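Good morning, and thank you for making the time. I would like to take you through one structure, beginning with its strands and ending with its charged side chains.

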Amino acid sequence: MNEIDSEAKSSGGTAEAEPSVKKMEYVVESICKRLKVIAVDVDRVQRAKELLSSLQRRKAFINLLGLDDDDSVHANSEDFQRLTSQHSLRIMSRVLSTMSTGSEEMKMGEELSEDVCQLPFEEERWGNFFTGFQILDTPSGVNDNENRKCIELSAVKCNQDLTLYLLSGIRCFMLNLFVGPLRENQDLIVQLREAEICVAKEYGFPVVSTVFAKLSPRYQYTGYLAAGQDKSIELKKGYKVILTVDRNYSRNCTSRVIYVNARFLLCDVHRFDIILIGEDIQLMVRAVRQDHLYCCVCRPGELVSFMPVLFPSRCSRFRVSYEEVEDLTFAREVGLNVVVSYLAGSVPYVDDLEKVMSSLQCESLRLFARVVLNEMKGCDGELDWIAQRYDGFLVELAEPATSPDILRLCPNAECFMQQAYAAKKPIIFDAWTINEQHLRVDPAHYYYAFYYPDKYVIKSHLCRHSFYFSFLQSAIFDQIATTALSRMPLCDSSHTGADGLARAIVTASIEVNAKVIVVCGVTPRMVQKISHFRPHASILFVSQMRSAEDYVSIYHNVTMLSFRSKSFSSHRRNVFRKSVFALAYLASRKIAKQGEHIILVYNCESGTTYPEKYMIYKFDKLHFVEHLSTSLFPTGQ
């Protein structure tokens, strides 16, 4: 760190003295050295998770079919007939583990026999216990749409919370890299992967989730006040203050030490310069050091969290910041696939960011933009380029001047949301102001708040206080989803008719009240198209594509089931094994009950790049292997 600071200090203070390519490489190399341990830790946990996934997949096939997926399936030409003859789920339910106790086996047998019993009415089962009460027979319980949530993780140790999130069905998480040192953010990723391993052991099937990161802002802001502090701190005239670029203080600011993301600017600051914080506070620089500035307050004011900071005009605020470079390198090293720019900016802003990402070998990262929806003004369509340029969006709402207030959107904001949704780009919506009832949504804007977004951001420490919005969104979505699909014009922009197929799949799932849509494929393109039409049914994506694990759960109602097998004997056998594995997962987790409808989406022909056929299957938890062996492909083939 000291080497980077000394190098930056000797670089001069003008825009013409921009660091050379060699110097940029040196900065990146220095950052990578500091992040090397981080990458090693994450890779170690990832390898352990992949090994567990492989063992669970092979064990499932041995217990279900009596065959090892990686070894015995393709041993001879008679294996496919053996798959259709040994097909009892009782084998899998009876022996899920060689370490299982006799009592656990009895419990599994009792649960299975109870399900096969299929009592016609719930009153026959519970009537003797609740006399005088009527038990309502409903097809499903209250849906609190946990899979529609995206949890913003904090640096607090939360191993137990992470496990509870995964058990409740949440598969999308966000990190704010501006808050806390990168080591703590890395610890959160490792804890999440370890929680996935823990839940996978409990399920007996692989568990994967998506993590994406919000980059530090390019412009300068103060950090967050330390826990236990008041909402604001008064800085009186004459107070001595240290402005530091040490990330350890980014969430521990006090009246003595204030964090600012301005490492690249320190070399341009001179003694007696004036630095403005917010609209009132002015600091005069007394001394310049490598990591901090010694200042004194020359104009008092109230300090709150995350206030804008204005440095002298000689400091170039339009260069990509050191914190952005560090965040991008961190995302690359720990295997994140999605990063969010703090603001959409302008076209040159995006060009600079993409140029830096290319220099850092991060061009494969998906670049999202943060957008404050109710601050978008105008009606001339000048913001349409944002919906076209970025890969996805984190949409937030600004606090109203008076609370409560009605959510008002300008034509530019409405057009932006419509174009982002039409382009099938993921929309993550932070609706905390609606949850706190600071903003009320007019029915004319229901689509923008309750239908278009794929996920809804909830901060981890506030997750237990999000019931209002969860139930509100679920109720409104159930009311408008079917109408929205029927009114949506059919415009198939694909070259293969995939858009029309995806719409037909969602329509069929609504008509038969399907519980799950199982998509067996390699790339997640068909999953994205199905998710675009917002089905009520959950979407289970079965694929061996490693990179898809890092972002596919961002989309609406999508859960991925990893199937990374080393043996690929033929196209049909691969599709068959994926389908069997998916239905075994649904039966084991009791997601689909006996007689409920499931839609299987797969590619019938080996030459196609992604699924082009779907089948409606009435789930039989005891004989689904035999049924799939005769139904997935035509008999003549």
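Before the first pairing, one definition is required: two strands pair if DSSP finds at least two bridges between them. Please also bear in mind that this is a predicted model.

With that rule in hand, consider strand 3, residues 210-214, and strand 12, residues 338-341, which run parallel and are joined by 2 bridges. Within this pairing, K214 has V340 of strand 12 as its bridge partner. I ask you to remember K214, as I shall return to that residue at the end.

These two strands belong to a wider arrangement. In the order 1-2-3-12-13-14-16-18, 8 strands close into a barrel, and their pairing is parallel. From one strand to the next, the twist averages 30°. Against part of this barrel we find helix 12, residues 411-422, which lies across strand 13 (366-372), strand 14 (392-396) and strand 16 (427-429). Relative to strand 14, helix 12 runs at about 145°.

There is also an open sheet. Here 6 strands are arranged in the order 6-5-9-8-7-11, with mixed pairing. Which strands are at the edges? They are strand 6 (257-259) and strand 11 (309-310), each of which pairs on one side only. Elsewhere in the sheet, strand 8, residues 281-288, and strand 9, residues 292-299, pair in the antiparallel sense over 6 bridges. In that pairing, M284 of strand 8 stands opposite C296 in strand 9.

Let me turn to helix 18, which covers residues 571-588. Its 18 residues reach 26 Å from the first C-alpha to the last, close to the 26 Å expected at 1.5 Å a residue. Is helix 18 mostly covered or mostly exposed? Helix 18 is mostly covered, with 16 of its 18 residues buried. After the helix comes K590, whose phi is positive, near 55°.

I come now to the charged side chains. Side chains of opposite charge can pair when their charged atoms come close. Taking a salt bridge as a side-chain nitrogen of Lys or Arg within 4 Å of a carboxyl oxygen of Asp or Glu, the count comes to 22.

One of them joins D187 and R183, at 3.8 Å from N to O. These two residues are 4 residues apart in helix 8 (residues 182-203), so about one helical turn separates them. D187 is partly exposed, with a relative accessible area of 22%, and R183 is likewise partly exposed, at 38%.

A further salt bridge is formed by R408 and D405, whose closest N and O atoms are 2.9 Å apart. R408 has a relative accessible area of 55% and is therefore classed as exposed.

Where are the partners in the salt bridge between D499 and K424, whose closest N and O atoms are 3.8 Å apart? This pair links distant parts of the chain: D499 is in helix 16 (residues 498-511), whereas K424 is in the loop between helix 12 and strand 16, 75 residues apart. D499 is buried, with a relative accessible area of 2%, while K424 is partly exposed, at 21%.

Finally, salt bridges with shared partners join K214, R370 and E396 into one network. This brings us back to K214, the residue whose bridge partner in strand 12 is V340. Thank you for your attention.

Definitions and conventions:
Residues numbered from 1 in each chain as written. Predicted model: local features only at pLDDT ≥ 70, side-chain atom pairs only at ≥ 80, totals over all residues. Heavy atoms only, no water. Axes fitted to C-alpha atoms, helices over the stretch in contact; angles between N-to-C directions. Contact = heavy atoms within 4.5 Å. Expected span 1.5 Å × (residues − 1). Buried < 20%, exposed > 50% of the residue type's maximum accessible area, 1.4 Å probe, protein only.
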